[in-house]
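This report describes selected local features of one structure for a reader who has not met it before. It takes up backbone geometry, ligand surroundings and helix packing in turn.

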Amino acid sequence: MLLEVKNLKTEFKMRKGIVKAVDDVSFSIDQGKVLAVVGESGSGKSVTSLSIMGLLQDPGKVTGGEVLFKGEDLLQKNKKEMQAIRGHHISMIFQEPMTSLNPVYKIKDQLTESIMLHMKLSKKEALERAVEMLELVGIPSARERADEYPHQMSGGMRQRVMIAMALACNPELLIADEPTTALDVTIQAQILELLGEMRKKFNMAVLLITHDLGVVSETADRVVVMYCGKVMENAEVKEIFANPLHPYTNGLLKSIPSLEDDSEEPLYMIRGMVPNPLKMPSGCPFSDRCEKCMERCRQEMPDLVDIGGHEVRCFMYSGEKEEA
Ligand SMILES: Nc1ncnc2c1ncn2[C@@H]1O[C@H](COP(=O)(O)OP(=O)(O)OP(=O)(O)O)[C@@H](O)[C@H]1O
Ligand code: SF4
Ligand SMILES: [Mg+2]
């Protein structure tokens with residue numbers, strides 16, 4: 001196993017209380033595989049990835065669990081060790097490329113700097129590698145464009161530069177947090193295709209974070225569905241689409257716009273809203289919005305149960321159903 005996240009807990013201590021942004025989350029990724037993490041806004045996807053990367057900002061704090069990367073717990077590493085791991089073994093791409101590209105440096109300088117740092121190449125060799133990577137991610141006239149500043153490029157091109165930067169040092173794991181949401185649909189598809197090609201070429205594992213289950217069906221091997229900081233369901237992609245168990249997953253699946261569907265019916269929406277993280281309902285966090293909600297759902301938290309490799313957190317599957 002390349003990455004094993006075990007019982008990860010991350011909290012934000014606020015004046016009005018504690019936000020349990022990631023609450024006992026476990027999942028794993030094999031080498032070369034794509035794991036998608038899906039869930040609505042605020043479900044804890046980004047905080048999970050920042051916790052793995054050691055990039056949490058105050059007041060965020062990991063309060064429990066392990067992040068085993070090739071058997072070693074990243075949570076026990078110091079700043080310097082994590083810096084060496086980031087970029088070299090694990091890379092991350094963010095939703096908005098301008099947050100990671102420095103506006104005052106040319107593309108080539110940003111790329112060569114990170115390549116020199118992690119791959120111990122000379123400046124000349126690093127520049128060659130940078131141009132090669134820009135070509136690989138489909139930037140036309142890569143050598144000339146490397147001379148440009150980030151603002152001279154379109155959003156799609158900048159996202160390609162980000163991917164080139166993240167992949168330049170052959171990471172074993174790429175964490176992609178909503179890598180395409182800022183882009184229009186055609187460019188989105190191209191970038192996802194590119195990520196897929198790169199994954200195959202480098203046999204890299206990908207943790208793909210998205211709120212879009214449509215994206216998942218084409219790209220991922222396995223899916224983790226998160227809600228309010230908890231894993232609600234975790235299964236192979238085919239299994240999730242053929243046999244979704246959790247009412248929340250079902251709701252997300254029903255909300256995917258379909259290309260074939262030309263009816264006038266408005267798109268399905270899960271009723272209600274994600275609860276305020278400081279005022280979580282007691283019991284199942286989805287209980288306020290769930291069409292299957294039972295009496296006990298409002299009082300107790302269901303456990304995550306494993307049904308033949310398909311994990312689900314819902315009293316409908318916990319084995320000790322209430323007598324109707
Ligand atoms: N800096 C912060 N301070 C306080 N709370 C935070 C902070 N960052 C995140 N949170 C809280 O942690 C929870 C999880 O947030 P997170 O950003 O991981 O959600 P997400 O699933 O990535 O959502 P999105 O789809 O909008 O990116 C939310 O309740 C959020 O309010
Ligand atoms: S435990 Fe109850 S409220 Fe929660 S998802 Fe299952 S049926 Fe719905
Ligand atoms: Mg996020």
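Pro59 is found in the loop between helix H1 and strand E4 (60-69). In this predicted model, a cis peptide bond with omega of about 0° joins Asp58 and Pro59. Most residues other than glycine have a negative phi, and most peptide bonds are trans. Against that background, some further backbone angles deserve mention. Just after H1, Gly54 takes a positive phi of about 70°. Asp24, a residue other than glycine, has a positive phi near 70°, and Lys70, likewise not a glycine, has a positive phi of about 50°. Asp24 lies in strand E2, whereas Lys70 is found in the loop between E4 and strand E5 (72-73).

The table lists the C-beta neighbours of three residues.

| Residue | Other C-beta atoms within 10 Å | Exposure |
|---|---|---|
| Lys6 | 15 | partly exposed |
| Asp24 | 16 | partly exposed |
| Lys70 | 13 | partly exposed |

Why does Lys6 count as partly exposed? A residue is buried if 20 or more other C-beta atoms lie within 10 Å of its own, and exposed if 12 or fewer do; Lys6 has 15 such neighbours, so Lys6 is placed in between. Lys6 belongs to strand E1 (residues 3-14). Leaving aside neighbours within four places in sequence, Lys6 is in contact with Ser26, Gly65, Glu66 and Leu68. Between Lys6 and Val215, which are 209 residues apart along the chain, the C-alpha separation is 26 Å.

The surroundings of ligand 1 bring H1 back into view. This ligand is surrounded by 14 residues, and the closest are Ala21, Ser41, Lys45, Ser46 and Val47. Strand E2 (17-29) and helix H1 (45-53) each supply at least two residues of this shell. H1 gives the most, with 3 residues. By class, the shell around ligand 1 has 5 nonpolar, 8 polar and 1 charged residues.

Is H1 itself mostly covered or mostly open? Of its 9 residues, 8 are buried, and H1 is therefore mostly covered, given that a residue is buried if 20 or more other C-beta atoms lie within 10 Å of its own. The buried residues of H1 are Lys45, Ser46, Val47, Thr48, Ser49, Leu50, Ser51 and Ile52.

Ligand 2 has a shell of 13 residues, and the closest are Cys284, Cys290, Lys292, Cys297 and Cys314. By class, this shell has 11 nonpolar, 1 polar and 1 charged residues.

The remaining topic is the packing of two helices. Two packed helices are described by the angle between their axes and the distance between the axes. The axes of helix H3 (residues 107-119) and helix H6 (residues 155-167) come within 9 Å and cross at roughly 20°. That angle makes H3 roughly parallel to H6, since angles under 35 degrees count as roughly parallel. The crossing in which H3 passes H6 is right-handed. Which residues of the two helices meet? On the side of H3 they are Ile107, Gln110, Leu111 and Ser114, and on the side of H6 they are Val161, Ala164 and Met165. By class, this contact has 5 nonpolar, 2 polar and no charged residues. An α-helix has 3.6 residues a turn, so residues three or four places apart point the same way.

Key. Residues numbered from 1 in each chain as written. Chains lettered and ligands numbered in written order. Predicted model: local features only at pLDDT ≥ 70, side-chain atom pairs only at ≥ 80, totals over all residues. Axes fitted to C-alpha atoms, helices over the stretch in contact; angles between N-to-C directions. Helix = DSSP H or I, 4+ residues; strand = E, 2+ residues; numbered from the N terminus. Parallel < 35°, antiparallel > 145°, perpendicular 65-115°, else oblique. Left-handed = near helix turned anticlockwise from the far one by under 90°. Contact = placed C-beta atoms within 7 Å. Nonpolar A, V, L, I, M, F, W, Y, C, P; charged D, E, K, R; others polar. Near = placed C-beta within 6 Å.
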